[in-house]
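These are my notebook entries on a structure that I had not examined before. I set down what I looked up, entry by entry.

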Amino acid sequence: MNKIFPQGDGNDNAAGAKALPGGEGAQTCVTATNRTGFLCHDRRSCIPASRVCDGVRTCAHGEDEDEAMCRDMPQNLPSFLVARCGDPSFWIYSDQKCDGANNCGDCSDELSPVTACPPCGPGWWPCPSTVFGYCGCVPRSLCRDHTQHCSDWSDEYSCPGP
């Protein structure tokens with residue numbers, strides 16, 4: 001989860017022009033894991049949204065770490081890379097939505113009304129979670145491990161396990 005900080009009065013642009021959010025030609029793509037991604041300039045490499053502006057040049061020409069795009073995040077990031085949390089002063093990368101983890105801290109990235117996620121996937125068990133790291137589903141690897149992860153204990157008594 002990332003906090004949005006005010007960026008002054010908006011009149012501090014160098015040479016009177018602000019870089020376009022995401023730089024020229026930033027395009028979305030779908031990663032191999034079916035998540036939102038950033039298309040590198042080679043038009044073949046699609047990197048996960050959360051790998052943009054992480055301090056590591058993942059694209060061959062480093063466009064994922066472009067200074068104009070990475071300065072004043074999330075304002076300068078392409079909108080397809082950003083997802084807002086229930087508290088509008090916080091944001092996450094768009095590939096962190098509906099990933100099973102409580103990235104926003106209030107489950108707004110996993111549960112409606114803020115986010116419409118599909119039902120729990122095959123590696124997950126649907127339940128009201130007691131573990132703050134998860135929201136409406138827990139990994140099946142936590143089933144039958146002699147530790148309560150669901151408030152109704154279904155992870156220990158009903159879940160068939162991994």
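Entry 1, burial and overall layout. I began with burial in this predicted model, and I found that buried residues account for 34% of the 162 residues in the protein chain. I then turned to the secondary structure, and I noted two helices and eight strands in the protein chain. Following the sequence, I wrote down the pattern as β-β-β-β-α-β-β-β-β-α.

Entry 2, the sheet. I looked up how the strands are arranged and recorded an open sheet of three strands, in the order 2-3-4, with antiparallel pairing. Strand 2 and strand 4 (46-48) are the edge strands, since each pairs on one side only. From one strand to the next, I noted an average twist of 50°.

Entry 3, the pairing of strand 2 with strand 3. How many bridges join strand 2 to strand 3? I found four bridges between strand 2 (residues 27-30) and strand 3 (residues 36-39), and the two strands run antiparallel. Looking for a particular partner, I saw that Thr-28 is bridged to Phe-38 in strand 3. I also noted that strand 2 and strand 3 form a hairpin, with five residues between them. In the turn of that hairpin, Asn-34 has a positive phi of about 65°.

Entry 4, the pairing of strand 3 with strand 4. Here I recorded three bridges, again between strands that run antiparallel. Gly-37 stands opposite Pro-48 in strand 4. The hairpin of strand 3 and strand 4 has six residues between the strands, and I noted that Arg-43 takes a positive phi near 65° in this hairpin.

Entry 5, a cis peptide bond. I looked up the bond from Met-73 to Pro-74 and found that it is cis, with omega near 0°. I placed Pro-74 in the loop between helix 1 (67-70) and strand 5 (82-84).

Entry 6, the largest pocket. I recorded about 340 Å³ of space in the largest pocket. Which residues of its lining lie nearest the centre of the largest pocket? I counted 20 lining residues, of which Cys-98, Glu-110, Cys-117, Pro-118 and Pro-119 lie nearest the centre. By residue class, I divided the lining into 10 nonpolar, seven polar and three charged residues.

Entry 7, the annotated stretch. I consulted UniProt, where an unreviewed entry places the feature "domain: LDLRAD1-like C-terminal" at residues 118-157. Over residues 118-157, I noted that the chain is 10% helix and 15% strand. The end C-alpha atoms of this stretch are 24 Å apart.

Entry 8, the loop between strand 8 and helix 2. I looked at three residues here, starting with Ser-151, which I placed in the loop between strand 8 (137-139) and helix 2 (154-157). The C-alpha atoms of Ser-151 and Pro-128 are separated by 5.7 Å, although the two residues are 23 residues apart along the chain. I entered Ser-151 as partly exposed because its relative accessibility is 42%.

Arg-144 lies in the loop between strand 8 and helix 2. I noted its phi as near 55°, a positive value in a residue other than glycine. Is Arg-144 partly exposed or buried? Its relative accessible area is 43%, so I entered Arg-144 as partly exposed.

His-146 also has its place in the loop between strand 8 and helix 2. I recorded a phi near 70° for His-146, a positive value in a residue other than glycine. Why does His-146 count as exposed? Its relative accessibility is 75%, and residues over 50% are classed as exposed. I therefore entered His-146 as exposed.

Terms used
Residues numbered from 1 in each chain as written. Predicted model: local features only at pLDDT ≥ 70, side-chain atom pairs only at ≥ 80, totals over all residues. Heavy atoms only, no water. 1 Å grid on protein atoms, 1.4 Å probe; cavity = no way out; pocket = protein on both sides within 12 Å on 5 of 7 lines; lining within 4 Å. Points joined across faces, edges and corners; volume = space filled by probe spheres on them. Nonpolar A, V, L, I, M, F, W, Y, C, P; charged D, E, K, R; others polar. UniProt positions renumbered as here; feature names shortened; annotations may be inferred. Pairing = 2+ DSSP bridges. Axes fitted to C-alpha atoms, helices over the stretch in contact; angles between N-to-C directions. Buried < 20%, exposed > 50% of the residue type's maximum accessible area, 1.4 Å probe, protein only.
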